[in-house]
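Subject: The structure we talked about

Hi,

Here is the structure I promised to pass on. Have a look around it before you read the rest of this email.

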Amino acid sequence: MIEKTLAKRYAAALLCVSQKENTLDETGGLLRALHDAYEQTPLLRALFQHPKLSKAKRKALIRKPFKSNTKKSFLKFLDLLVEKNRIGILPEISNAYNDLADAAQGVVHVQVHSFLPLSDKEKGQLQEKLKSITGKTVVMEHATDPSLLGGVSLRIGNSVVDGTVANRLKELEEKLNRLQR
C-alpha cells in the first residue's frame, strides 16, 4: 500500500513538471518504455538491486538508453529514483503517471466485453454515447467473451456496468434463491 502512495507522489511531481514543460506525452512514452524494460528484463532488475553497484553506476545505467535530447528534468527524476532507492516502484509510478496524465487531458479508458465482436458502427455509437455521458475523450479496449451469453459489459475506472445475459441470469437466480428461503 505504501508503494502505491509513494508512486502517486512521484508520478504527481513528474506530471507537474511535464505540464510546465508541455511534455506530457513524451514523458509518458519514456516512462512506459522504461517500465516495460524493467518489467521484461530480470537482469536489469537484479542489477538495480545488487548491493555492490554504486548509486553513480545505477544512475549511469538508467540514463544510458536515453538520447541527449531527453529533457534534463526527466533525467533528474531518474536520478532521484536511484538516490532514494525507488527504482523498484517504477512500474507503479508509470501506471500512476498514466492515470494522472489521462485525467489531466480529459481521457477515460473503457474496457468493453461483449459476447460477439462489435462492428465499427456499434463501437463508434458506443464511444459517442460514453463521451456524451462522461464529457471526456473515450479510449475503448474491446474483447469478446463467449461466457457472457449476450450483451455488453463496460468497465470505466472502478465502475462496472454489466448488461450481459450471464449477469441477468445470475441476478434472476439470486432472486429465486431468496424467494425459496
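Below is what turned up, beginning with the sheet and ending with the helices.

One thing to keep in mind is that this is a predicted model.

**The sheet**

Start with the four strands, which form an open sheet in the order β2-β1-β3-β4, with mixed pairing. At the edges you'll find β2 (137-144) and β4 (159-164), each of them pairing on one side only. On average, neighbouring strands in this sheet are turned by 15° against each other, if you ignore direction.

Now zoom in on β3 (residues 151-156). It runs antiparallel to β1 (residues 107-114), and five bridges join the two. If you want one pair to look for, Val112 has Leu154 in β3 as its bridge partner. β3 also runs antiparallel to β4, this time with six bridges. Here you can pick out Ser153, whose bridge partner in β4 is Asp162. Those two strands, β3 and β4, make a hairpin with two residues between them. Check Gly157 in the turn: its phi is positive, about 65°.

While you're looking at the sheet, find helix α8 (residues 165-180). This helix packs on the sheet and touches β3 and β4, and its direction makes about 90° with that of β4.

**The helices**

A bit of background first: two packed helices are described by the angle between their axes and the distance between the axes.

Take α3 (residues 42-49) and α4. Their axes come within 10 Å and cross at roughly 155°. An angle over 145° counts as roughly antiparallel, so that is what α3 is to α4. On the α3 side, Leu44, Leu47, Phe48 and Gln49 meet Arg58, Leu61 and Ile62 of α4. Sorted by class, this contact has five nonpolar residues, one polar and one charged.

Next, α4 (residues 55-63) and α5 (residues 72-83): these axes come within 9 Å and cross at roughly 140°. The two helices are therefore oblique to each other, and α4 passes α5 in a right-handed crossing. From α4, the contact uses Lys55, Arg58, Lys59, Ile62 and Arg63, while α5 brings in Leu75, Lys76, Leu78, Asp79, Val82 and Glu83. By class, that comes to four nonpolar, no polar and seven charged residues.

Which α4 residues should you click on to see the contact with α3? Try Arg58, Leu61 and Ile62. Arg58 and Ile62 also belong to the contact with α5.

Have fun exploring!

Note on methods
Residues are numbered from 1 along each chain as its sequence is written. This is a predicted model: local features need pLDDT of at least 70, side-chain atom pairs count only at pLDDT 80 or more; totals for chains, interfaces and linings use all residues. Side-chain values use heavy atoms; hydrogens and water are left out. Axes are lines fitted to C-alpha atoms, for helices over the stretch in contact, and angles run from 0 to 180 degrees between N-to-C directions. Angles under 35 degrees count as roughly parallel, over 145 as roughly antiparallel, 65 to 115 as roughly perpendicular and the rest as oblique. A crossing is left-handed if the near helix is turned anticlockwise from the far one by less than a right angle, and right-handed if clockwise. Contact means heavy atoms within 4.5 Å. Ala, Val, Leu, Ile, Met, Phe, Trp, Tyr, Cys and Pro count as nonpolar, Asp, Glu, Lys and Arg as charged, and the others, Gly among them, as polar. Two strands pair if DSSP finds at least two bridges between them.
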